[in-house]
Amino acid sequence: MNDATPPAPSVRLDLPTPETTAALARWLAPRLAAGDAILLEGPIGAGKSHFCRSLIQARLAQLGRMEDVPSPTYTLVQVYELDGVEIWHADLYRLTAAEDAAELGLDQAFEQAICLVEWPDRLGDTAPETALRVDLAPGADPMARSARISARSPRWRPILDGLAAGEWRRHD
């Protein structure tokens, strides 16, 4: 018997401009609920913070609110109060051990909030297995990115199907 975990279903997207990265985030924003986590991977400058900022601003705009959405590089976590749910935006780049992440309260946030986590490798084995994973990489053009979006949880199947069908491109 093979105990290997099957590969997660995934969708690969080309994001030729920062605006297309923002459009992807805006499409995803209203589809998130308490307990959802997005783990964003990629090198420095791949667009992780831009993606998170665009997603958070889209959710705030739904409530008629405009707020500055800074990168939490130095604060580690920024929390945004929405109507009935919080968004936690975490940038774990500066952490050196998974135990440090536990002190931030992310374990509870993973159950009760929408969590956007940059540098999720810092979570170690505490990363939620039900998370949507977004791996951003530089593209051929300096402004272009590519995204590989994957998930093991069936919760994300409609999202992955919508992405594969190009629904996010028709959103704006």
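# Exercises on a predicted model

Strands β1 and β7 run antiparallel and are joined by 6 bridges. The model is a predicted one, and the exercises below start from this strand pair.

## Exercise 1. The sheet

Task: State the order of the strands in the sheet and find which strands stand at its edges.

Solution.
Step 1. The sheet is open and holds 7 strands, in the order β1-β7-β6-β2-β5-β4-β3. Its pairing is mixed.
Step 2. The edge strands are β1 (10–15) and β3 (77–81). Each has a single partner strand, so one side of each lacks a neighbour in the sheet.
Step 3. On average, and with direction ignored, neighbouring strands of this sheet are turned by 15 degrees against each other.

## Exercise 2. Pairings along β7 and β6

Task: Give the sense of the pairing for β1 with β7, β6 with β7 and β2 with β6, and name bridge partners in each.

Solution.
Step 1. The β1 and β7 pair is antiparallel. Here V11 stands opposite I149 of β7.
Step 2. β6 and β7 also run antiparallel, joined by 7 bridges. P138 has R145 of β7 as its bridge partner, and D135 has R148 of β7. The two strands form a hairpin, with 6 residues between them.
Step 3. β2 (residues 37–41) pairs with β6 (residues 132–138) in the parallel sense, over 4 bridges. I38 has L132 of β6 as its bridge partner, while L40 stands opposite V134 of β6.

## Exercise 3. S146 and its strand

Task: Decide whether S146 is buried or exposed, and list what S146 is in contact with.

Solution.
Step 1. S146 is placed in strand β7.
Step 2. The relative accessible area of S146 is 15%. Buried means under 20%, so S146 is buried.
Step 3. With neighbours within four places in sequence left aside, S146 is in contact with R12, L13, D14, D135, L136 and A137.
Step 4. For the strand as a whole, 6 of the 7 residues of β7 are buried, so β7 is largely enclosed by the rest of the structure.

## Exercise 4. Two helices

Task: Say which strands α1 lies across, and which residues of α5 are buried.

Solution.
Step 1. Helix α1 (residues 18–28) lies across β1, β2, β6 and β7 (145–151). The helix runs at about 140 degrees to β1.
Step 2. In α5 (residues 157–164), the buried residues are I159, L160, G162 and L163. They cover an arc of only 160 degrees around the axis, and therefore lie on the same side of α5.
Step 3. The exposed residues P158 and A164 are carried by the face of α5 turned away from its buried side.
Step 4. The cover over the buried residues of α5 includes β1, α1, β6 and β7.
Step 5. Just after α5, G166 has a positive phi of about 80 degrees.

## Exercise 5. The aromatic pair

Task: Classify the geometry of the pair formed by Y93 and W119, and locate both residues along the chain.

Solution.
Step 1. A pair of aromatic rings is described by the distance of the centres and the angle of the planes.
Step 2. The structure holds 1 aromatic pair. The ring centres of Y93 and W119 are 4.9 Å apart and the planes stand at 55 degrees. Planes under 30 degrees apart count as stacked and over 60 as edge-to-face, so this pair is tilted.
Step 3. Y93 is in the loop between β4 (86–91) and α3 (98–102), and W119 in the loop between β5 (114–118) and β6. With their positions 26 residues apart in sequence, the pair links distant parts of the chain.
Step 4. Y93 is partly exposed, at a relative accessible area of 37%, whereas W119 counts as buried at 15% relative accessibility.

## Exercise 6. Two arginines

Task: Describe the surroundings of R53 and the position of R155 relative to W156.

Solution.
Step 1. R53 is placed in helix α2 (residues 48–62). Its relative accessibility is 27%, so R53 counts as partly exposed.
Step 2. Not counting residues up to four places away in sequence, R53 touches V69, P70 and S71.
Step 3. From C-alpha to C-alpha, R53 and T21 are 11 Å apart in space, and they are 32 residues apart in sequence.
Step 4. R155 lies over the face of W156, at 4.1 Å from the ring centre.

Conventions. Residues are numbered from 1 along each chain as its sequence is written. This is a predicted model: local features need pLDDT of at least 70, side-chain atom pairs count only at pLDDT 80 or more; totals for chains, interfaces and linings use all residues. Side-chain values use heavy atoms; hydrogens and water are left out. Two strands pair if DSSP finds at least two bridges between them. Axes are lines fitted to C-alpha atoms, for helices over the stretch in contact, and angles run from 0 to 180 degrees between N-to-C directions. Contact means heavy atoms within 4.5 Å. Rings of Phe, Tyr and Trp (its six-membered ring) pair if their centres lie within 6.5 Å; planes under 30 degrees apart count as stacked, over 60 as edge-to-face and the rest as tilted. Buried means under 20% relative accessible area, exposed over 50%, partly exposed in between (1.4 Å probe, protein chains only). A charge sits over a ring if NZ of Lys or CZ of Arg is within 6 Å of the ring centre and within 35 degrees of the ring normal. The arc is that of the directions from the helix axis to the C-beta atoms.
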